[in-house]
Amino acid sequence: MEVTIHYNGQAVTVEVTLEVYEFLDRADHKTENLLHEQRRHWDGREFDEYIVATEGVGIYGETPEEYLCRMETLDELMAVLNTCTEAQRRRFLLYALDGLTLAEIGAMCGCSKVSVYESILAVRKKFLNFFANHPND
């Protein structure tokens, strides 16, 4: 089946399977129903945000290309982290992902703030070295 998609102000005609056509048709109907619901409740007092969140077509969905890029980036990051010692990796992740301070990490790991700082600095240097040697990979 042929479908016309409006993308960035341009109409593009593509050939799709019957399943894709039916999905797009259902999405168009849901969009139309949501717009009608919004017009009916223009002042927002009765408009149910749950409908938009559960039935809306505008909810972000990761494309296969974005998923692939994200997974490749994750593999690169994990490759660098795998070159670190267990203590360095644990301290760096507590600092970077959990947002803990050097003192909090030191208390958790039973070491000084200076050793936590040196561990984090060593991991940062490994990341900088990796990305300096692999630009735009």
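Reader: What does the secondary structure of the protein chain come to?
Author: Six helices and two strands, running β-β-α-α-α-α-α-α from the N terminus on. Those are DSSP runs numbered from the N terminus, with at least four residues for a helix (H or I) and at least two for a strand (E). Mind that this is a predicted model: local features need pLDDT of at least 70, side-chain atom pairs count only at pLDDT 80 or more, and totals for chains, interfaces and linings use all residues. Residues are numbered from 1 along each chain as its sequence is written, and side-chain values use heavy atoms, with hydrogens and water left out.

Reader: How do you know that E1 and E2 pair, and in which sense?
Author: Two strands pair if DSSP finds at least two bridges between them. E1 (residues 2-7) and E2 (residues 10-15) share six bridges, in the antiparallel sense, so they meet that rule. Across the pair, Ile 5 has Val 12 as its bridge partner, and His 6 stands opposite Ala 11.

Reader: What makes up the turn of the hairpin?
Author: Two residues sit between E1 and E2, and Asn 8 in that turn has a positive phi of about 50°.

Reader: Why is E2 said to lie largely in the open?
Author: Count the buried residues: of the six in E2, the number is zero, so the strand lies largely in the open. The classes go by relative accessible area, with a 1.4 Å probe and protein chains only: buried is under 20%, exposed is over 50%, partly exposed is in between. Over the 137 residues of the protein chain, 18% count as buried.

Reader: What makes the nonpolar surface patch?
Author: Met 1, Leu 18 and Tyr 21 make it, at about 280 Å². Patch residues need over 30% relative accessible area and no salt bridge; nonpolar side chains (Val, Leu, Ile, Met, Phe, Trp, Tyr) are joined within 5 Å, like charges within 9 Å. Tyr 21, in helix H1 (residues 18-40), has 34% relative accessibility, so this tyrosine counts as partly exposed.

Reader: How do you know that Arg 89 and Glu 86 meet in a salt bridge?
Author: The N to O distance between their side chains is 2.9 Å. A salt bridge takes a side-chain nitrogen of Lys or Arg within 4 Å of a carboxyl oxygen of Asp or Glu, so the pair qualifies. The structure holds one salt bridge. Both residues lie in helix H4, three residues apart, about one turn of the helix. As a rule, an α-helix has 3.6 residues a turn, so residues three or four places apart point the same way.

Reader: Why is Arg 89 called buried, and what does Arg 89 touch?
Author: Its relative accessibility is 18%, so Arg 89 counts as buried. Glu 86 is at 47%, so that partner is called partly exposed. Not counting residues up to four places away in sequence, Arg 89 touches Leu 81, Asn 82 and Cys 84; contact means heavy atoms within 4.5 Å.

Reader: Which other residues of H4 are buried, and what covers them?
Author: Alongside Arg 89 there are Gln 88, Arg 91, Phe 92 and Leu 94. The cover includes helix H3 (64-82), helix H5 (102-109) and helix H6 (113-133). Take Gln 88, in H4 (residues 86-96): a relative accessible area of 14% is why this residue is buried. Leaving aside neighbours within four places in sequence, Gln 88 is in contact with Ser 119, Ala 122, Val 123 and Lys 126.

Reader: Why is there no bond between the sulfur of Cys 111 and the closest cysteine sulfur?
Author: That closest sulfur, in Cys 109, is 5.1 Å away, too far for a bond. A disulfide is a pair of cysteine sulfur atoms within 2.5 Å, so this pair fails. A search of the whole structure finds zero disulfides. At 23% relative accessibility, Cys 111 counts as partly exposed, and so does Cys 69, with a relative accessible area of 47%.

Key
Accessible areas come from the Shrake-Rupley method with a 1.4 Å probe; for residues, only the protein chains shown count as cover.
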